Amino acid sequence: MTPTARCEGPASWPADAAAAESWAARWDAIMKCYQPAREPMLATTLDALEHLGLTGSVLDLGCGVGSIADRVLDRWPQARVTALDWDPVMLAICRARLGDRVAVVEADLAAPGWSAAVPGPVDAVITCAVLHMLDADRHAELLGDVAGLLRPGGVHVDVDEMPLLPSSPRLAATGSELSAAGVRARFAEGREDVPDWYSAVTADPATAPLLDLRARRFDGRQDGRSAGAGERIVALRAAGFFEAGVLARALDQAVVVALRCPGRQVGTTRSQVVRHVRAEIPAGVARAR
Ligand SMILES: C[S@@+](CC[C@H](N)C(=O)[O-])C[C@H]1O[C@@H](n2cnc3c(N)ncnc32)[C@H](O)[C@@H]1O
């Protein structure tokens with residue numbers, strides 16, 4: 001299967017923008033069970049973009065129902081926002097609620113070549129609860145693609161599950177276990193979880209073609225491993241980001257912010273990125289690596 005698909009026109013499901021909003025609100029409520037600090041972490045994400053003056057064009061990778069794109073447009077209605085995902089159910093909701101306020105791209109982040117479908121350069125790339133789904137090699141390659149899509153000095157913000165330091169195993173386990181206990185407690189109250197949400201989607205016969213395509217794209221895939229923040233920062237530096245660090249943390253969820261090297265465009269291949277980093281990374285940072 002090719003890594004990208006042509007954007008489809010309005011689907012027959014969801015019926016209208018109000019129905020799409022309702023599906024999106026249910027999805028966001030599930031996300032908040034997994035990310036109890038989702039609102040403050042996303043607020044920090046947008047505050048960082050504003051502080052850095054990088055709000056003109058934003059790419060939301062693994063956009064889901066468009067929750068991040070929606071927040072970006074709420075704050076900066078003039079921003080050029082691109083939302084990318086590979087799940088046709090998610091994309092149908094995103095398109096129906098946000099309409100032509102976002103450019104929707106249908107592409108598979110797990111396959112090389114996806115970035116050719118995205119118009120760049122952009123000021124900011126946001127990923128939320130996405131990168132842990134990729135395997136480690138693909139994750140590292142994808143960061144090179146992200147650097148290639150950003151304008152010089154642009155920013156990548158990654159909000160995701162990132163275990164604490166492996167060098168402090170009891171602390172890392174404490175963070176992960178407290179986080180998992182919180183998730184269990186929230187769902188024990190009978191709240192809707194991901195399988196319930198998809199069951200409800202399946203109950204509407206109009207979703208059958210979308211679900212069939214989704215199964216062809218995703219069946220058999222497994223989530224990768226959640227890389228820790230330290231590992232991600234090393235990978236970001238190798239991919240052409242000259243500053244990278246944790247701006248916020250809540251147990252095993254964190255917000256990592258990374259600035260792409262200033263100067264000329266990096267390019268998208270690994271060798272182009274490595275050449276660029278060697279040429280432009282500040283000497284002190286290079287030594288610290
Ligand atoms: C947990 S959801 C998060 C959605 C959104 N970022 C949010 O925070 O609300 C993960 C999203 O990543 C998307 N995704 C997973 N693997 C993908 C891939 N290989 N290519 C593109 N999108 C992918 C899923 O379809 C889903 O919409």
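Start by selecting Ala 129, in the loop between β5 and α5. This is a predicted model. Phi of Ala 129 is near 55°, a positive value in a residue other than glycine. Is Ala 129 buried or exposed? Neither label fits: Ala 129 is partly exposed, because 19 other C-beta atoms lie within 10 Å and buried status takes 20 or more.

**Back into β5**

Now select strand β5, residues 122-128, and pick out Val 125. Val 125 counts as buried because 27 other C-beta atoms lie within 10 Å. Which residues does Val 125 touch, beyond its neighbours within four places in sequence? Show Leu 59, Leu 61, Val 146, Leu 149, Leu 150 and His 156. Add Val 155 too: Val 125 and Val 155 are 30 residues apart in sequence, yet their C-alpha atoms are 6.5 Å apart in space.

Step back to Pro 121, in the loop between β4 (102-107) and β5. The peptide bond joining Gly 120 and Pro 121 is cis, with omega about -5°. For another cis bond, go to Trp 13 and Pro 14, where omega is near -10°. Pro 14 sits in the loop between β1 (4-5) and α1 (17-34).

**Forward into α5**

Next, select helix α5, residues 136-149. How far apart are its end C-alpha atoms? They are 20 Å apart, which agrees with the 20 Å expected for 14 residues at 1.5 Å a residue. Colour the buried residues of α5: His 139, Leu 142, Leu 143, Gly 144, Asp 145, Val 146, Ala 147, Gly 148 and Leu 149. Val 146 and Leu 149 are among the contacts of Val 125.

**The strands β6, β7 and β8**

Select β8, residues 253-260. Seven of its eight residues are buried, so the strand is mostly covered. Add β6, residues 150-161: seven bridges join β6 to β8, and the two run antiparallel. Then add β7, residues 241-250, which is also antiparallel to β8 and joined to it by eight bridges.

Which residue of β8 is the bridge partner of Val 155? Click Leu 259. Leu 259 is also the bridge partner of Glu 243.

Now follow the hairpin of β7 and β8, with two residues between the strands. Leu 251 is in that turn. Its phi is near 50°, a positive value in a residue other than glycine. Leu 251 counts as partly exposed, because 19 C-beta neighbours lie inside 10 Å.

**The core**

Where are the most contacts inside the largest nonpolar core? This core has 70 residues, and Ile 93, Cys 94, Ala 124 and Val 125 have the most contacts inside it. Helix α4, residues 88-98, supplies the largest share of the core, eight residues.

Zoom in on Cys 94. Not counting residues up to four places away in sequence, Cys 94 touches Cys 63, Val 65, Gly 66, Ala 83 and Val 104.

**The ligand**

Select the ligand and the 17 residues that surround it. The closest are Gly 62, Gly 64, Trp 86, Asp 87 and Leu 109. By class, the shell has eleven nonpolar, three polar and three charged residues.

**Zoom out**

Finish with the whole chain. It has eleven helices and eight strands. Of its 289 residues, 39% count as buried. Among contacts between residues at least 6 apart in sequence, 72% join residues at least 24 apart.

Definitions and conventions
Residues numbered from 1 in each chain as written. Predicted model: local features only at pLDDT ≥ 70, side-chain atom pairs only at ≥ 80, totals over all residues. Near = placed C-beta within 6 Å. Nonpolar A, V, L, I, M, F, W, Y, C, P; charged D, E, K, R; others polar. Buried ≥ 20, exposed ≤ 12 C-beta atoms within 10 Å, placed from the backbone. Helix = DSSP H or I, 4+ residues; strand = E, 2+ residues; numbered from the N terminus. Pairing = 2+ DSSP bridges. Expected span 1.5 Å × (residues − 1). Core = buried A, V, L, I, M, F, W, Y, C linked by C-beta atoms within 7 Å. Contact = placed C-beta atoms within 7 Å.
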